[in-house]
Amino acid sequence: MTKFWIISDVAETSYELLGKARELLGDQEGIITVYLIGNETTGQEAIGYGADLVKLMELPPDTTWEQYAPVLVQEAQASQPEMILVGATRRGKDLAAQLAALLDSPCVTECKSIEYDDGKVILKRIIYGGLAEKIIECCQFPVIATVASRTFEKWTAKDASREGTIEKLDLPAGVNVQVVERRSKPQEVVNIKDASIVVGVGRGFSEQDELKMAEELAKVLGGEVACSRPIAEDLHWLPEDRYIGISGQIIKPNVYIAAGISGQVQHVYGIRDAKTIIAIDKNENAPIFQVADYYIVGDLKEVLPALTEAVKEVKAANKG
Amino acid sequence: MKKVVACYKWVIDEADIRVEEKDHSLNFERAKYKISEYDRNAIEAGALLNEEKGCEFLAVTCGPNVEASLKDVLSRGPASISYVNEEWLADVDSSVTSKILAGIIKKIGNVDLVICGEGSSDDYSQQVGPRLAALLGYASVTFVNKLDITEEGIKVERKLEDGVEVLEVKGPAVVTVLPDINKPRIPSLKQILAAKKKPTEKISLKEIGFDINASQPKLKTLSISGTVMERKNMQINTDGLSIKDAALKLVKQLNADGSLA
């Protein structure tokens, strides 16, 4: 019988991984075990999404979540899962790699796709900062794969009345890592991943005050403002939650408008799934134009206000 | 005196790689090597612990042609480098790399703190740090942007998706560091000259008891292809169209595509 495991510190991601596990399992007989942070309700939700057994974890108040690693190793040695999918948060990636080392297993980080082919597992991931895609074959089990949120869809056959077992997983005692303090990040009111239109700002803006033009455009479009990495990390003009790129936010909006962004590989990776990409830059050779659907070569100070006006005009006409 | 080791990877500079349009293959002709970006932060963190806390600071690496990296790295602070240089390491996965690095670190002996970058510039698998911790039996603390060494161990802050964790670790640890932990130095002429006199140690697989047959890569690369996006690449302000008219044309196009709803 095929056994799949899912481990995630974010419950929502575990439901998406369940969708993938159910798809891979198909008609085969199998058991899917989910390890997640949550309570009975979360556990029941996971069962509805396709889990057979749920093992509830906690975010331990006095140590790190990754301290579950040795317990999971024991469980894996006993139950011999074929595949372990781990939610690719920072905690998840740390735990997955430790688990892989302790089980002497292969581990593939942030997979974009996972398929079976003739008894082997074929996985896809991105390398060189987003420049290339690597297809990997793995025929050693268990294969561990980390997967970012929103990579896979939840199980469409969700059934709230599905039955399964919920248990608690205990932490090992006597750990050497102590949490002194946890400071949660001030909650952003909006998540730019949810925005259907995003205006991204880059180094083409010469001062912070000019960002207002992008904010106005975003406002009339009902969208959000995001940025490239230097705007957040070097200049601190926008919070880090708003920078787009392979190591930041990966977004899939309907429309992405790159304003004054040159188009480095790492940034482009974060927008490649946008439905439509629009670019504005004064440098006609900017690499961003090569990945844009529509572009305007010109000065931001001229183009952005013109776009804002045009949006108002077209929206007014739509209503009329 | 605490002993600190930084691990680094000598990688192809991804900015030099060209994607061939005809078959999406990668062209490495112009590619130069560099110290993997975040490993510069790891080396800098070690150098600072040496300068500010008097720790002994060494570097380790493994890979093909890593000898070309030694002088550059030595000018950034470590007292010496221990390395494994093997051609076949060009296409190995994190499981192999971490076993070799763990072997070198065990050979050095009595290492209190291992520092790695959060991930490499090429593969960015982000596994070597935590794998090393597991193999060495050290605590794993990843994504650190503040690091201090204490009598009993270390005190760190790690940056996670939902906030910051401040941690104290008793005993030896492996940390991976984020780029905002420090600003890697540009070595001075004096540091560059001093690097020439620093020792390096080439280590054989045999010396670290690495069994090449028992530790084959677990993953096989089937293909690597440049990502190419199918986009319309349509310039709106052509044929002398004014910015104002181009803006209107663009917005009408978006409206027609149903993108404004």
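This report describes how chains A and B touch in a predicted model, and then how two helices of chain B pack together.

## The contact between the chains

In this predicted model, the contact between the two chains draws on 67 residues from chain A and 70 residues from chain B. On the side of chain A that touches chain B, at least two residues come from each of several elements, including helix 4 (90-103), strand 8 (132-138), strand 11 (177-184) and helix 8 (300-319). Helix 8 of chain A gives the most to this side, with ten residues. When the residues of the side of chain A that touches chain B are sorted by class, 34 are nonpolar, 15 are polar and 18 are charged.

## A strand pairing across the chains

Strand 16 of chain A pairs with strand 15 of chain B, which covers residues 234-235, and the two strands run in the parallel sense over two bridges. In strand 15 of chain B, B:Gln235 is the residue that stands opposite A:Tyr295.

## Two helices of chain B

Within chain B, helix 3 (residues 94-108) packs against helix 4 (residues 128-136), with their axes 9 Å apart and at an angle of about 50°. Angles that are neither under 35 degrees, nor over 145, nor from 65 to 115 count as oblique, and helix 3 of chain B and helix 4 of chain B are therefore oblique to each other. Their crossing is right-handed.

Among the residues that meet here are B:Leu101, B:Ala102 and B:Ile105 in helix 3 of chain B, and B:Val128, B:Leu132 and B:Leu135 in helix 4 of chain B. By class, this contact between helix 3 and helix 4 of chain B has seven nonpolar, four polar and two charged residues.

Key
Residues are numbered from 1 along each chain as its sequence is written. Chains are lettered from A and ligands numbered from 1 in the order in which they are written. This is a predicted model: local features need pLDDT of at least 70, side-chain atom pairs count only at pLDDT 80 or more; totals for chains, interfaces and linings use all residues. Two residues are in contact if their C-beta atoms, placed from the backbone, lie within 7 Å. Helices (H or I, at least four residues) and strands (E, at least two) are DSSP runs, numbered from the N terminus. Ala, Val, Leu, Ile, Met, Phe, Trp, Tyr, Cys and Pro count as nonpolar, Asp, Glu, Lys and Arg as charged, and the others, Gly among them, as polar. Two strands pair if DSSP finds at least two bridges between them. Axes are lines fitted to C-alpha atoms, for helices over the stretch in contact, and angles run from 0 to 180 degrees between N-to-C directions. A crossing is left-handed if the near helix is turned anticlockwise from the far one by less than a right angle, and right-handed if clockwise.
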